[in-house]
There are 2 protein chains.
Amino acid sequence: MRIAEMELTPREPDRDAGRAARRRQNDLTKPPGSLGRLEDVSVRLCEITGTCPPRPGKKVVIVCAADHGVTEEGVSPYPSDVTVQMLLNFAGGGAAINVLARLAGAEVVLLNVGTRTPVEHQAVLDRRVRDGTANMACGPAMSRGEAEACVAAGLETARAAISAGAGMLAAGEMGIGNTTAASALTAAFTGLPPSSVVGRGTGLDDAGVERKVGVVTRALEANPPDPDDPLGVLAGVGGLEIGAMAGVMLACAVEGVPVVIDGFISTSAALLAERLCPGAVGVMFASHLSAEPGHRLALEALGLEPFMDLGMRLGEGTGSALAMMLLEASARLLAEMATFEEAGVSRDNDE
Amino acid sequence: MRIAEMELTPREPDRDAGRAARRRQNDLTKPPGSLGRLEDVSVRLCEITGTCPPRPGKKVVIVCAADHGVTEEGVSPYPSDVTVQMLLNFAGGGAAINVLARLAGAEVVLLNVGTRTPVEHQAVLDRRVRDGTANMACGPAMSRGEAEACVAAGLETARAAISAGAGMLAAGEMGIGNTTAASALTAAFTGLPPSSVVGRGTGLDDAGVERKVGVVTRALEANPPDPDDPLGVLAGVGGLEIGAMAGVMLACAVEGVPVVIDGFISTSAALLAERLCPGAVGVMFASHLSAEPGHRLALEALGLEPFMDLGMRLGEGTGSALAMMLLEASARLLAEMATFEEAGVSRDNDE
């Protein structure tokens, strides 16, 4: 399926449901506004899902994995083999995302859109578009058709999850080298210089960061980005798993399902999704502020405010899984708290 | 029991358990340090409990309730009756703390240390020290003996919970007028002027805040605080539930049990606990940053950094309940993640 042929219209927020949520918040047994952002989140959840209180569906984290040809340039301290090794670790339930998803009550779906070598495991969906990207420092990371294919893989996987009852999604990732692609995408979509968005990734030293800035600069020179052609930007300097994550977010925008953004790479996918489908940001919630310097800038470009600043920089969807618990808290407060009338509690003296 | 006669020596942190936790964090399948503060929290949990990984015990939120004579001065938009009404709402499971405790898997214990009128309900522990405090703007809020009694009530309730298997505690509160007492305590223990610690509480306007600053100033003049006599400060300008919350924290310090601090009132109790038992802060975790301006100052005085800034200002222990999920996440990551060796994942190239 070609992205251009898909109906990518974001579902309109249901303002009536939002107003009903705001009214109910003011009737609950607490001073008005005292739950802070948890109140605002509940209103947004009602607007997105069109019900008040929001019906909590299943939580699903779709972890998208792929390799990056740009690792040839020495942008990560880890070898590319780690992408597949970690994918198998996810399949075995031993990674951080597995632990946090279990705690949050979320299912983990593993989507392989392009590891260098195939992964045969019943827990891993095989939608490999190609054997990792090409080295974007020397030319396009992938073809335009491949860019469409990885977005479609994420979109279709998310739609299947939603059809099966998912009511809250997140897109996580694994791909050695992918902070480099995320940096290039963020620079391309925000117009910021590479030096302001590039960070240490999984653990570069100062010289490594300098080298990485040079690599991103060369990649943007080799593939001059046209922000009005988001698929072209993805093909030039993106990653297969980043395209797939954007696809997950697009499915949520179209279906009216809240989606929790994770760290820097996830947010670069969110920028891509918003460019592909303006308004898609309406279903997005930012979870945490990553230690990567480009993350705050990318969130600001989207107008999203994270819930937590815990110095995390792991990816996988780990921050999203934590934030899913906050979204659930927000939804449950709206649904389960007693009103002043129900509980026989006096309102403030002004009323 | 008199506080002076209690053995209030904080349990020494187990540095060996902390080092074992740090070593294990570096063996888990993730770049070292990439879980940010969740790694540091896991190390502290091991130091506090003396085991690595930490054994998660039951979670318990002890909600301490009492009334405040200072409400005569018009410092809250809510009538004092709301304290008892909300205590019954807690007993019925309809308040925000009930919803969030259910989500976090925490038990809620209700401890009445001094509502103006008695509350007879099987879910409410009756340890009323007096019928609310006296108006601290005109004289001491309570006697020295009453100050000891409310601290002891919290301490004994927490010890009973710990004996029954609690491995993580929080102290929440309900008491119309208690941001005024918390402001006075914070000013007394930090030396800051009332104007910098007083906020809107449950919803004062600008004129109300100005009046509240005046009330706190008069209270500190009527009861000149000696920071070296923390019980005297509590008796002068404190609250019965604030003393009880400090007692909960003292029990945790003595027994080596992590305790999660909530908002402004809870943090004023933490200041009191640390003055009563220097080193008690070693078992404390700050949950969120309240919208009350004095909260950040009180946390800074304790050297605690909150996990979240959600604009919450409800109290009850609501922020603590959210943070309990983060503490559990931290403990579970350390316990449940696979090591590089177990998962067959390559370490970075430098090793």
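How much space lies in the largest pocket? About 440 Å³, and the first view below takes a look at that spot. This is a predicted model, in which local features need pLDDT of at least 70, side-chain atom pairs count only at pLDDT 80 or more, and totals for chains, interfaces and linings use all residues. Residues are numbered from 1 along each chain as its sequence is written, chains are lettered from A and ligands numbered from 1 in the order in which they are written, and side-chain values use heavy atoms, with hydrogens and water left out.

**View 1. The largest pocket and its lining.**
The space here comes to about 440 Å³. Nineteen residues is a lot to label, so here are the ones to find: of the 19 that line the largest pocket, A:Glu305, A:Pro306, A:Met308, A:Asp309 and B:Asp309 are the closest to its centre. Helix 12 (residues 293-302) of chain A gives the most to the lining, with three residues. A pocket is an open set of points on a 1 Å grid over the protein atoms alone, where a 1.4 Å probe fits, with protein on both sides within 12 Å along at least five of seven lines; lining residues have an atom within 4 Å of a point. Grid points are joined across faces, edges and corners, and the volume is the space filled by probe spheres set on them. Helices (H or I, at least four residues) and strands (E, at least two) are DSSP runs, numbered from the N terminus.

**View 2. The axis that relates the two chains.**
Chain B lands on chain A after a rotation of 180 degrees with 0.0 Å of shift along the axis (RMSD 0.0 Å). That is the relation of a two-fold axis. The same surface serves both copies, as 100% of the contact residues of chain B recur in chain A. Look for B:Met308 here: of the residues of chain B, its C-alpha comes closest to the rotation axis, at 2.6 Å. The fit is by least squares on the C-alpha atoms of residues with pLDDT of at least 70 in both copies, and contact means heavy atoms within 4.5 Å.

**View 3. Strand 1 of chain A and its two partners.**
Eight of the nine residues of strand 1 (residues 58-66) of chain A are buried, so the strand is largely enclosed by the rest of the structure. Buried means under 20% relative accessible area, exposed over 50%, and partly exposed in between (1.4 Å probe, protein chains only). Strand 1 pairs in the parallel sense with strand 4 (residues 166-174) of chain A over eight bridges, and A:Ala65 stands opposite A:Met174 of strand 4. Eight bridges also join strand 1 to strand 2 (residues 106-114) of chain A, again running parallel, with A:Val61 bridged to A:Val108. Two strands count as paired if DSSP finds at least two bridges between them.

**View 4. A:Asn112 in strand 2.**
A:Asn112 is found in strand 2 of chain A and is buried, with a relative accessible area of 0%. Leaving out residues up to four places away in sequence, A:Asn112 touches A:Ala65, A:Leu87, A:Val119, A:Val124, A:Leu125, A:Asp126, A:Arg127 and A:Arg128.

**View 5. Loop residues B:His68 and A:Val75.**
In chain B, B:His68 sits in the loop between strand 1 (58-66) and helix 3 (81-92). B:His68 counts as buried, at 2% relative accessibility. Its side chain makes a polar contact with that of B:Glu241 (2.6 Å); such a contact is a pair of N or O atoms within 3.5 Å, where within protein one must be able to donate a hydrogen and the other to accept it, and residues adjacent in sequence count only if both atoms are side-chain atoms. Beyond its neighbours within four places in sequence, B:His68 has contacts including B:Ser80, B:Thr133 and B:Asn178.
Over in chain A, A:Val75 is in the loop between strand 1 and helix 3 (81-92), buried at 4% relative accessible area. The C-alpha atoms of A:Val75 and A:Gly177 are separated by 6.3 Å, though the two are 102 residues apart along the chain.

**View 6. Backbone oddities.**
Most residues other than glycine have a negative phi, and most peptide bonds are trans. The A:Cys52 to A:Pro53 bond is cis, with omega near -5 degrees, and the B:Cys52 to B:Pro53 bond is cis too, with omega near -10 degrees. Phi of A:Glu316 is near 70 degrees, a positive value in a residue other than glycine. A:Glu316 is buried, with a relative accessible area of 1%.
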